[in-house]
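Hi,

Here is the structure I promised to send over. Have a look at it first, and then read on for what turned up.

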Amino acid sequence: MEPSPLVGSLGLELAEWLGQTYRCSPFEAVAPALPPGFRAQQRSRLTAVPGPEDSGGLASFRESTRAAWQELVDSARAWEEITFLKRIDPNHANVARRELQRLVGRGLVRKEVSLPRPRSHRYRRLLIPGQYTDAGEEGESAPQTRGTRQVELLAAVREAAAGYDTTGTASLLGSAADALLQRGLVAEEWRRVEPETPAGVAPANPPPKHLTAAQADALNSITAALDDPNVLPRSFLLHGVTGSGKTEVYLRAIAHAVGRGKQAIYLVPEIALTPQTVGIVNDRFPGRAAVLHHRLTERQRFEEWWRIRDGQADVVVGPRSALFAPALNPGIVIVDEEHEPAYKQDEHPPYYHARDAALALARRSGAVVVMGSATPDVSTYYEATRGRHHLLRLPERVPHPDGRATPLPDVSVVDMRRELRLTEALDSTLEAGRQAILFLNRRGSAAFMQCRDCGGVINCSRCSVAYAFHRESGRLICHYCNRQRRLPRACPQCRGGRIREMGAGTETVASHLQQRYPDVTIERWDSDSVRNPAQLEAAMGRLSSGEARILVGTQMVARGLDLPNVTLSAVLLADLGLNLPDFRAGERAFALLCQVAGRAGRGDEPGRAIIQTYQPDHYAIAAASEQDYAAFYGIEIEARRHQGNPPFNRLAQVVCSDLSIRAVQQTLGELVESWREQAVREGRDDVDIIGPTPCLPERVRGRYRWRLLLRGRRIWQFLEGRSIPRNCRVDVDPVRLD
Ligand SMILES: Nc1ncnc2c1ncn2[C@@H]1O[C@H](COP(=O)(O)OP(=O)(O)OP(=O)(O)O)[C@@H](O)[C@H]1O
């Protein structure tokens, strides 16, 4: 039994904020604060309620239910719910559950739900050599009296210097182990298993001894706020160019907070992609860091949750959900790469933004929030210029140890209509013994397959998008619903045989490069080739050691890599994503280009970056080529002001999804009509209702999707109390327009 509440008062206050801001139910709002997998971990125990001995009240129940209840009464103790349900009907859990619900409703059974803590420690059984040897045991004949399995096991135990681990093999060992134990040839030892925290990639260098002047200034401002709760605002935007040492500022600020007895939450956009960060935090706070990783098993996350709750971890590193870790005394929250859309939960309610939730947490707890980025979100930057956050700047890269400046890479924009300069740059980079990172925002071999005869494209039958082709597996894969099929020999429309690959993806690029540089080890990082943190850590190891010379990949390669030997970075087709019907397309492209460019020239040798594009004059590309945030921001903020988009207004999208397109259109048609009428009646001319329009893609997994967009300063008040149709979801402050 857990006597204290699982969610403390701070968690409840945050849940209330989530519920109001993102329009979700109280349970949805509190769910992120509950221990991971608590449903699976919870125990319900049943006791018969003393008193109603008259089993006549049971007449309307099944016979098996009556019998089970009687047995529960007779046993005079509590039962696990599952045991009781099985007695009622082992084959029909739903029927049994309904019967139980009625028993509880009638007051015949009391149900108590508790959430047991994980056992304080888990142990592993090891076999070690025993005190007897063959000779000392039963004389010379002993070995012959043993079966082969015993002989093999004994040899294995004697060979395993650190003890023979029986985990996973226990049932196989069975009698052989027992026999050896009995004869004293082996002995048992139970060793405590420490919770597994992903180690990440250990840092290559020791922590720097001195901060740069800009780092020291930034750190002083943050520590002043940590020391004095009256410093307002409590939030900082750390705007530092790539390689300016933002991480070091975070780590020292965390150490300061921890030194004052507080806990720290360090958010990263995608924990699996940041093994270097995990490695650094583990190195700086050995044994005191908890890493929350969605690829840990539910059990492991549950254990980490309790470690944090029990105050055994000072620093929690994790993705957006780590914000809700049960840190009882949070002193600082770091939001690294705060511009990343991954901070928005858009898979299930509550559709929260972790950066905004961190600010809400800070307002309620007095904690300090540090948001860092080389390319801050336009809205965050705007708020900082208006004094809502302190603005801290790291305008230059950390200089070399000998004091020489480390320049930002020299970026050239290559107009793909005229020239292809990348191969020469790659040749010279490899000749100089350096490494290169190539980014292409498209995985697979081909973006789509097109028939040369009729022009038809092979589309997924459940989504209104083309299948991508993956040559390695020889399959067509839908990147929206993951449906797969074999590549047909003939065009499904005209039966022609000339189906061709269109639009190269990372797989094609890697294979072309391998043909061009047969002796060079090439790493490919995308969600097809890197599926778990262990693979990523191994690949990181090959890059750090210099074994791999070229890295090709999707967005995974743009995030936070700090490899000093990389002197060339390239964006293979910057246009992808630039022309999406989303007002943030320019911002996304700018951030991505700067991040990719920023991977080059972080060591002793200056770097260069190449951006290939068909639109060299686009303002986002032009600004990225100068790595000039101010120039980009100046243009972008004026466009936002002109269009009335965030930060000048807030948005909410209402997405309706249904199997029938008519149902979708009808639902949204009626909704928009009634909301417009209500808005007029209520005199609310401050909210625009835009749409309905089809989402992009319009159909996913067989369901049609259309949306309404609300735009205004007080969206929240407008939505308050309005009912939302069942087939619609509301996403307040969306970061992507569906
Ligand atoms: N004061 C310092 N003295 C020497 N080296 C430093 C100092 N601060 C940071 N570094 C080193 O500089 C490199 C770049 O730092 P870091 O990765 O923190 O930059 P960043 O601003 O987070 O970059 P990005 O935004 O590109 O991820 C790292 O190798 C780090 O160890």
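**What turned up**

Please keep in mind that this is a predicted model. The protein is divided into domain 1 (9–114), domain 2 (122–193), domain 3 (213–394), domain 4 (410–443 + 505–643), domain 5 (446–504) and domain 6 (650–732). Between the centres of domain 3 and domain 5 there are 43 Å, taken over C-alpha atoms.

The largest nonpolar core holds 102 residues, and Leu-267, Val-333, Trp-525, Trp-675 and Leu-710 touch the most other members. Another core, of 31 residues, lies apart from it and includes Leu-238 and Ile-334.

Trp-675 is a good place to zoom in. Its contacts beyond four places in sequence include Val-654, Leu-710, Phe-718 and Arg-722. Trp-675 is also one of the buried residues of H23, along with Val-664, Leu-668, Leu-671 and others. Those buried residues fall within an arc of 125° seen down the helix axis, so they line one face of H23. They pack against strands E25, E26, E27 and E28 and helix H24. On the face turned away are the exposed residues Arg-662, Glu-673, Val-680 and Arg-681. At the N-terminal end, Ser-660 caps H23 with a side-chain oxygen 3.2 Å from the backbone nitrogen of Arg-662; just after the helix, Gly-683 has a positive phi of about 65°.

H15 (residues 354–365) is worth a look too. Its buried residues include Ala-354, Arg-355, Leu-359 and Leu-361, and helices H1 and H16 are among the elements covering them. Just after H15, Gly-366 takes a positive phi of about 80°.

Best wishes

Conventions:
Residues numbered from 1 in each chain as written. Predicted model: local features only at pLDDT ≥ 70, side-chain atom pairs only at ≥ 80, totals over all residues. Heavy atoms only, no water. Core = buried A, V, L, I, M, F, W, Y, C linked by side-chain atoms within 4.5 Å. Buried < 20%, exposed > 50% of the residue type's maximum accessible area, 1.4 Å probe, protein only. Contact = heavy atoms within 4.5 Å. Helix = DSSP H or I, 4+ residues; strand = E, 2+ residues; numbered from the N terminus. Domains from an automatic or database assignment. Arc of directions from axis to C-beta. Polar contact = N/O pair within 3.5 Å; in protein donor to acceptor, adjacent residues only side chain to side chain.
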